[in-house]
Amino acid sequence: MIPVWSNFLLEKEIEKFQKAVSDRNIMEGPVLREFQNCLKDILDVKYVIGTSSGSAALALALMGIGIEPGDEVIVPDLTFIATANAACLLGAKVIVAPTMPDATLLDYYMLDALINERTKAIITVDLNGRISCSRELKERYSSKGIYIIDDACQALMSGNRYGKAGTQSDIGCFSFGITKTVSTVNGGLVITNDDYLYERMKIMKTQGMESVFESDTYTYPGFNFKLPDVLAAIGLGQLERLDEKIEHMKEIDDMYQSGLSQVEGISFLARKENEFLWMTDIVCENRDKVRAVLKENGVISRPLGAPLHTAPFLHMSGNYEDSVEMQKKLLYLPSGPDQDLKNIEYVIQVLKTHDVR
């Protein structure tokens, strides 16, 4: 079977992992600092904090802005459930916002109706590398004391004319899971240019203490969100071939765009300048038929997950017809920085030689 995602750990990453172990750099230390500094330069931000996962990054960001029970957090209907779970587990009321027609992103124009005195944060999601409206929302709502957190877990190195994903909000969150462009096997990152938020999150990610070894002061409620050196070492190896990874993924997307452009029943969502897709997605007139054809020919595909408004523990507020329709049609094709181009050629051939309408 052709996998829907491919990102290998090569000899370079394994060697860096082994060196961290042999140097006894196991938990947070010089390797993590090097990894963080590399990403600080790549993303051109003031502060970065490695975390144990993308989910941990989202939770830490919400803790950093002071989310408490009773606060309201707005999230878009189309995103992975982790975006909402982080707020739920902190006791916030999660309000699910509609997404734009013929798109996967938060509907900027629907937000005023959802804002009230309890609104503490809006989480934008750069789903599959398409950049959401973080910059516009920060300009619009910061004076009202509402924080903008950008879930850029699927958008590392994507961007728009204003900058890279995650850098246009109060806090940006990233994932380095194995299914991401850069992997530490499991890990994440928060970024910010805000001194106050950085100082809070830096302490909160280590149980709310300056140091678990020397500190005798409990500054804030916190948790263990640390990213260890041994995993950061893998990330350093992955970063060394970041440009190569991106070029390969862009080549895959170009192949799909060109090869499937005339296939009836398949189309592509719009993509803006400087946006970099994590995986190639297609819009299908009959998604289930496309999936069946691919499966019969040994190809794994991935549907867009269920909209968040279907979760009974979240709070609906609006019309979700557009996100329901998008979820029925969107399909991810085999992608990834180590996906064999012969696999892409095969997928294209399968879809071109079968009726998928």
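How many of the residues of strand 1 are buried? Five of its five residues are, so strand 1 counts as mostly covered, given that buried means under 20% relative accessible area. The model is predicted.

## Strand 1

Strand 1 covers residues 47–51. Tyr-47, Ile-49 and Thr-51 point one way from the strand. Val-48 and Gly-50 point the other way. Residues on both sides are buried. In a regular strand the side chains alternate between the two faces of the sheet.

Strand 1 pairs with strand 9 in the antiparallel sense, over five bridges. Within this pairing, Tyr-47 has Thr-192 of strand 9 as its bridge partner.

## The sheet

The sheet is open and has eight strands. Their order is 1-9-8-5-4-2-3-13, and the pairing is mixed. Its edges are strand 1 and strand 13 (315–316), each pairing on one side only. Helix 2 (residues 30–43) packs on this sheet. The helix touches strand 1, strand 8 and strand 9. Its direction makes about 130 degrees with that of strand 1.

Strand 9 (residues 188–192) also runs antiparallel to strand 8 (residues 171–175), joined by four bridges. Here Phe-174 has Leu-189 of strand 9 as its bridge partner.

## Thr-280

Thr-280 sits in the loop between strand 10 (266–267) and strand 11 (281–284). Is this residue buried or exposed? Thr-280 is buried, because its relative accessible area is 2%, and the cut-off for buried is under 20%.

Beyond its neighbours within four places in sequence, Thr-280 contacts Ile-252, Asp-253, Tyr-256 and Phe-268, among others. Its contacts also include Leu-331, Tyr-332, Leu-333 and Ser-335.

Conventions: Residues numbered from 1 in each chain as written. Predicted model: local features only at pLDDT ≥ 70, side-chain atom pairs only at ≥ 80, totals over all residues. Heavy atoms only, no water. Pairing = 2+ DSSP bridges. Helix = DSSP H or I, 4+ residues; strand = E, 2+ residues; numbered from the N terminus. Contact = heavy atoms within 4.5 Å. Axes fitted to C-alpha atoms, helices over the stretch in contact; angles between N-to-C directions. Buried < 20%, exposed > 50% of the residue type's maximum accessible area, 1.4 Å probe, protein only.
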